[in-house]
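Here are my notes on the model you sent over. I've kept them as numbered points so you can follow along with the structure open.

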Amino acid sequence: MLELAVLGSGSSGNCALVSLGKTRVLIDAGLSAKQICLRLEALGVDPDELTAIVLTHEHGDHTRGIDVFCRKRSLPIYATLHTCAVVRENVSSPVIWTQFDSGAGFEIGDMKIESFSVPHDAVDPVGFVFRCEESSLGVLSDVGHVTRMIVDRLKGVDTLFTEANYDEKMLQEDTKRPWSTKQRISNRHGHLSNDQTAELVASVAGENLKRVVLGHLSSDCNTPELAAKIISEKLGTEGFTSVTVECADRKEPLPSEAVAHAPVNAAPAKEESIPQEKAPNSALVCEPSPPETEAPAPSLPNQEWRQTELIF
Ligand SMILES: [Zn+2]
Ligand SMILES: [Zn+2]
């Protein structure tokens, strides 16, 4: 059965681990190499026994650990053609680049992985569904708005790992960020608000949905309690009262947990609905978060690499 652990999630770095037996795949590598190793070891996983890394997109908070982490480990890295082209310019380590087309499926060990395009200000961002015979895991990070394709691809998964980046009200009231940054966050190629994520989760929830893990929470414009409350309440009003909702942390790993179906008859069948897109200019304000102090500075080859980041 698939298992999901989250090493860290937030503007300071995103990295998760999906396991199926001895197949262990990192989703993104946006923490420093040192933190990736430390957190894998804290989860009881030997960093030298990873099978591959798959990338959602090229932003630094999803890729900055690759070069150093792969210096001693010649891992396959799966990314779309365009994402590959951008990331490999800044990676000198001997990784094995494996390209896939956005929308295509591929296999790593016994894992079946489906990709799908998502709207975000990156060259070719994608989400994933991981499947094995017994279970399915949806992964969605860094998405400006929810599309019909996203709902179609994620519908019926057992566990959904999705971003819930900001609370609309907190973003509007934030005084630390310039208007332009707030616009980047809230536009159609930025990130999802709690309300948008709640609509998404309710739309893809089916009788198998057992667990929702929220990630990429803004440190200033969201709180785990608020995000979990909004998503849980939305699921409750739609009749999905037994779904576990929890938040991944930026500093502490979320331990590995099996991706399993919800108990039979735990949730009612639900009519399909598409989440409403937010009104134009519906949100304002938010700027880059202050840099992390606890994590060691990643090795970044050049300034251009930094400029690919979109940090909140
Ligand atoms: Zn991004
Ligand atoms: Zn990100």
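1. Of the 312 residues in the protein chain, 53% are buried. Keep in mind that this is a predicted model. The chain has 10 helices and 14 strands. If you take the contacts with a separation of 6 or more, 71% of them join residues 24 or more positions apart.

2. Have a look at the open sheet of 7 strands, which has mixed pairing and runs in the order S6-S5-S4-S3-S2-S1-S14. Strand S6 (96-100) and strand S14 (254-258) sit at the edges, each pairing on one side only. From one strand to the next, the twist averages 20°.

3. Inside that sheet, strand S3 (residues 23-27) pairs with strand S4 (residues 52-54) in the parallel sense, over 3 bridges. If you want to find the register, go to valine 25: its bridge partner in S4 is alanine 52.

4. Next, the helices against the sheet. Helix H1 (residues 33-42) packs on it and touches strand S1 (3-8) and strand S2 (15-20), with its direction at about 135° to that of S1. Helix H4 (residues 81-88) lies across strand S5 (76-80) and S6, and runs at about 125° to S5.

5. Which residues of H1 are buried? They are Ala33, Gln35, Ile36, Cys37, Arg39 and Leu40, so don't overlook the arginine and the glutamine in that list. The buried residues of H1 pack against S1, S2 and helix H3 (66-69). After H1 comes glycine 44, with a positive phi near 80°.

6. Two aspartates deserve a check of their backbone. Most residues other than glycine have a negative phi. Aspartate 28, in the loop between S3 and H1, has a positive phi near 65°. Aspartate 142 also has a positive phi, near 60°, and is found in the loop between strand S10 (136-140) and helix H5 (148-154).

7. Are those aspartates buried or exposed? Aspartate 28 has 27 C-beta neighbours inside 10 Å, so it counts as buried. Aspartate 142 is buried as well, because it has 27 C-beta neighbours inside 10 Å. The cut-off for that label is 20 or more.

8. On to the nonpolar interior. The largest nonpolar core has 77 residues, and the members touching the most others are Ala16, Leu137, Leu214 and Ile231. S2 gives the largest share of this core, with 5 residues.

9. What does isoleucine 231 touch, leaving aside its neighbours within four places in sequence? Its contacts are Ala164, Asn194, Thr197, Ala198, Val201, Val212, Leu214 and Val245. Leu214 turns up both in this list and among the core members that touch the most others.

10. Last, valine 259, in the loop between S14 and helix H10 (303-307). With 26 C-beta neighbours inside 10 Å, valine 259 counts as buried. Its C-alpha atom is 6.7 Å from that of leucine 4, although the two are 255 residues apart along the chain. Not counting residues up to four places away in sequence, valine 259 touches Met1, Leu2, Glu3, Leu4, Ser135, Leu137, Asp158 and Thr159. Leu137 is one of the core members named above.

Notes. Residues numbered from 1 in each chain as written. Chains lettered and ligands numbered in written order. Predicted model: local features only at pLDDT ≥ 70, side-chain atom pairs only at ≥ 80, totals over all residues. Pairing = 2+ DSSP bridges. Helix = DSSP H or I, 4+ residues; strand = E, 2+ residues; numbered from the N terminus. Axes fitted to C-alpha atoms, helices over the stretch in contact; angles between N-to-C directions. Contact = placed C-beta atoms within 7 Å. Buried ≥ 20, exposed ≤ 12 C-beta atoms within 10 Å, placed from the backbone. Core = buried A, V, L, I, M, F, W, Y, C linked by C-beta atoms within 7 Å.
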